[in-house]
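Reader: I'm new to this one and a bit lost. Could you give me a close look at a single part, namely how the strands fit together and what surrounds them?

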Amino acid sequence: MAEPQQRVLETVEDTEAFGRELAGGLRPGDLVVLDGPLGAGKTALTRGIAVGLGVAGRVSSPTFIIARAHRAGVRPDGTPGVALVHVDAYRLAGDLDELDSLDLDTDLQHAVVVVEWGKGVVEHLADRHLRVQLAREPESDVRTAIWEWIE
Ligand SMILES: Nc1ncnc2c1ncn2[C@@H]1O[C@H](COP(=O)(O)OP(=O)(O)OP(=O)(O)O)[C@@H](O)[C@H]1O
Ligand SMILES: [Mg+2]
């Protein structure tokens, strides 16, 4: 298996740019699991992924809902975009019935699915997933991303 890769992200713009870059390698059916504490930048990274996938509309932090679907638009390079389903599993608190009711299997047939707080909860939904772990230092904007495809 490939070694995990690491990147230092000095600003929120760096994190969004990193998301755009990751999205270049994502296809419908890909599952992305984002890990890291509150405010680590999971939603910021998802915003970048959304731009790179070329989804229509803005990505916000889903405060009252658990999953939000974004239709495909056009990728930054002009090629057809890919739909994104953005899940915040924080409020699921490991509730597998509620996870089931989201029907992410169906989404994975046509979309990229990105799950904040998904570690240990959603990996079974796909044969492999991209795990991105974001770490932060106290009192600093600097984030560190460690990522790898896990088969
Ligand atoms: N290098 C950085 N990367 C990402 N976000 C940063 C960075 N520096 C500062 N920030 C700020 O940190 C916050 C990250 O918030 P974000 O909502 O993306 O975190 P989150 O991991 O999704 O949190 P939650 O667990 O609450 O969903 C934003 O306010 C952003 O502007
Ligand atoms: Mg978030």
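Author: Two strands pair if DSSP finds at least two bridges between them; strands here are DSSP runs of E with at least two residues, helices are runs of H or I with at least four, and both are numbered from the N terminus. Keep in mind that this is a predicted model: local features need pLDDT of at least 70, side-chain atom pairs count only at pLDDT 80 or more, and totals for chains, interfaces and linings use all residues. Residues are numbered from 1 along each chain as its sequence is written, while chains are lettered from A and ligands numbered from 1 in the order in which they are written.

Now for the sheet itself. Seven strands make up an open sheet with mixed pairing, and walking across it you meet them in the order β1-β7-β6-β2-β5-β4-β3. The two edges are β1 (5-9) and β3 (67-70); each has a single partner strand, so one side of each has no neighbour in the sheet. From one strand to the next, the twist averages 20 degrees (axes are lines fitted to C-alpha atoms, and angles run from 0 to 180 degrees between N-to-C directions).

Let's start at the β3 edge. There, β3 pairs with β4 (residues 83-88) in the antiparallel sense, over four bridges. One place to spot this is H70, whose bridge partner in β4 is L84. Over towards the other edge, helix α1 (12-23) packs on the sheet. The strands that α1 touches are β1 and β7 (143-150), and its direction makes about 145 degrees with that of β1. Helix α2 (42-53) lies across β2 (31-35), β3, β4, β5 (111-116) and β6 (129-136). Its run is at about 170 degrees to β5.

Step inward from β4 and you reach β5. These two pair in the parallel sense over six bridges, with L84 facing V112 as its bridge partner in β5. On the other side, β5 pairs with β2, again parallel, over four bridges. Here the bridge partner of V33 is V115, and that of V32 is V114. Then β2 joins β6 through four bridges, the two strands running parallel, and V32 stands opposite L130 in β6.

How covered up are these strands? A residue counts as buried if 20 or more other C-beta atoms lie within 10 Å of its own, as exposed if 12 or fewer do, and as partly exposed in between, with C-beta atoms placed from the backbone. By that test, four of the five residues of β2 are buried. For β5, six of six are buried, so this strand is largely enclosed by the rest of the structure. You can follow β5 residue by residue: A111, V113 and V115 point one way, while V112, V114 and E116 point the other way, and all are buried.

That brings us to the largest nonpolar core (buried Ala, Val, Leu, Ile, Met, Phe, Trp, Tyr and Cys residues joined through C-beta atoms within 7 Å). Of its 37 residues, L84, V113 and V114 touch the most other members. Two or more residues come from each of α1, β2, α2, β4, β5, β6 and β7, and the largest share, six residues, belongs to α2. V113 is a nice one to click on: outside its neighbours within four places in sequence, its contacts (C-beta atoms within 7 Å) are L31, V85, V87, L104, D107 and L108.

Just past β5, have a look at W117, in the loop between β5 and β6. Phi of W117 is near 60 degrees, which is positive even though W117 is not a glycine. W117 counts as buried because 21 C-beta neighbours fall inside 10 Å. E139, in the loop between β6 and β7, also has a positive phi, about 55 degrees. With 5 other C-beta atoms within 10 Å, though, E139 is exposed. Another exposed loop residue is L38, which has 8 C-beta neighbours inside 10 Å and lies between β2 and α2.

Last stop, ligand 1. Its shell holds 18 residues (C-beta within 6 Å), of which T15, G41, K42, T43 and D141 come nearest. The elements giving two or more residues to this shell are α1 and α2, the helices you met on the sheet.

Technical notes. Two residues are in contact if their C-beta atoms, placed from the backbone, lie within 7 Å.
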